[in-house]
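Colleague: I am new to this one, and I would like to understand the words used to describe it. Could you show it to me and explain as we go?

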Amino acid sequence: MSDALSPTIPPSAGHQPGARIIAITSGKGGVGKTFVSANLAAALTRRGHRVLVLDADLGLANLDVVLNLHPKITLHDVFTGQATLESAVIQAPGGFHVLLAGSGMVEYSRLTPEVRSQFLSVIQALTPKYDVVLLDTGAGISDVVLFSISLASEVVIVATPEPTSLTDAYAAIKVLSMQQKRQHVRMVINQAARPGDGRAITSQLQQVLDRFVTSDSGRPVRLIHMGDIPVDPAVRDAVMRRQLLLLQTPGCPAALAIAQLANKIEAALLTQVS
């Protein structure tokens, strides 16, 4: 399905020009980052926001798989001049828009000046049309990932309670603090076993950062715990069916947690009056 950009964008009262750009990233792959991006987009759309998810994982994109979409046109076609940007933006289940990268884009796995320029022009063209742009970045701290994150005003790191995930999350936060001078990073703990686990994990990470990472301002980067997504068998079922959890099982614990995350993001980032 390939909807033109303008007809399907719902009106938004009092919209200020320029979307709030939020990078959804992780230190390690396989922690549910794209799952969170897609379902968070659905939850924000349900709350009346105009949302675009941009698949910024240019080398190993899988947003199309999570959403069960088969796009004829991808970001690759836009970058190579074979298609317009408007024709590459399609509507996803859940009512939000997506710009899919297409997997295996090896030529875009390195941050060349051309890739940087093309990516910037895409972001600048899209932001006036939305309230929220979620950048579903690649995992880790490659140049392409860090450049994608640099375009966002806010960063949400998705991690699981596993030691490898937390170690890589720490490494990513350290780089963001040192290279991008980030004063704060928002945390979401996926696959939390018990209520309160995520807040405890975030607190432990903060203690390590306080001890070992100091920014130019002399203050350590501040972690903001945005919520936990509990272990929930409905998540695996939705992923295997390639369906949004919020559409398939909206009342399950994980879906309710994502709705709560959307509420927090709305309150913290989307209701500020300029």
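Modeller: Gladly! Let us start with a definition: angles run from 0 to 180 degrees between N-to-C directions, and the axes are lines fitted to C-alpha atoms. Keep in mind that this is a predicted model. With that in hand, look at α8, which lies across β7 (184–192) and β8 and runs at about 155 degrees to β8.

Colleague: What makes α8 roughly antiparallel or roughly parallel to β8?

Modeller: The angle is about 155 degrees. Angles over 145 count as roughly antiparallel, so α8 is roughly antiparallel to β8. Helix α1 (residues 33–46) can be judged by the same rule: its angle to β5 (132–139) is about 175 degrees, so roughly antiparallel fits here too. Helix α1 lies across β1, β2 (51–56), β5, β6 and β8.

Colleague: Why is α7 called oblique to α8?

Modeller: Their axes cross at roughly 45 degrees and come within 11 Å. Under 35 degrees would be roughly parallel, and 65 to 115 roughly perpendicular; roughly 45 degrees fits neither, so α7 is oblique to α8. The crossing of α7 past α8 is right-handed.

Colleague: Which residues meet where α7 and α8 touch?

Modeller: From α7 come L166, Y170 and I173, and from α8 come I201, L205, V208, L209 and F212. Sorted by type, this contact has 8 nonpolar residues, no polar and no charged. Tyr is counted as nonpolar, so Y170 belongs with the nonpolar group.

Colleague: How do you know that L176 is buried?

Modeller: Its relative accessible area is 1%, and buried means under 20%, so L176 qualifies. You will find L176 in helix α7 (residues 163–179). Beyond its neighbours within four places in sequence, L176 is in contact with L146, I149, V155, I157, K181, R182 and V185. One of these, V155, is 21 residues away along the chain, and the two C-alpha atoms are separated by 9.3 Å.

Colleague: What makes β7 largely enclosed?

Modeller: In β7, 7 of the 9 residues are buried, so the rest of the structure largely encloses this strand. For β8 the count is also 7 of the 9 residues, so β8 is likewise largely enclosed.

Colleague: Why is β8 called an edge strand?

Modeller: The open sheet has 8 strands in the order β3-β4-β2-β5-β1-β6-β7-β8, with mixed pairing. The edge strands, β3 (89–91) and β8 (222–230), each pair on one side only. Neighbouring strands in this sheet are turned by 25 degrees against each other on average, direction ignored.

Colleague: How do you know that β7 and β8 pair?

Modeller: They share 8 bridges, in the parallel sense. Pairing needs at least two bridges, so β7 and β8 pair. By that cut-off β6 and β7 pair as well, because 4 bridges join them, and they run parallel. Strand β1 (residues 20–26) is joined to strand β6 (residues 154–159) by 4 bridges, again in parallel.

Colleague: Which residues stand opposite one another across these strands?

Modeller: I24 stands opposite V156 in β6, V156 stands opposite R186 in β7, and R186 stands opposite I224 in β8.

Colleague: How many helices and strands does the protein chain have?

Modeller: There are 11 helices and 8 strands. Of the 274 residues in the protein chain, 53% are buried.

Note on methods
Residues are numbered from 1 along each chain as its sequence is written. This is a predicted model: local features need pLDDT of at least 70, side-chain atom pairs count only at pLDDT 80 or more; totals for chains, interfaces and linings use all residues. Side-chain values use heavy atoms; hydrogens and water are left out. Helices (H or I, at least four residues) and strands (E, at least two) are DSSP runs, numbered from the N terminus. Buried means under 20% relative accessible area, exposed over 50%, partly exposed in between (1.4 Å probe, protein chains only). Contact means heavy atoms within 4.5 Å. A crossing is left-handed if the near helix is turned anticlockwise from the far one by less than a right angle, and right-handed if clockwise.
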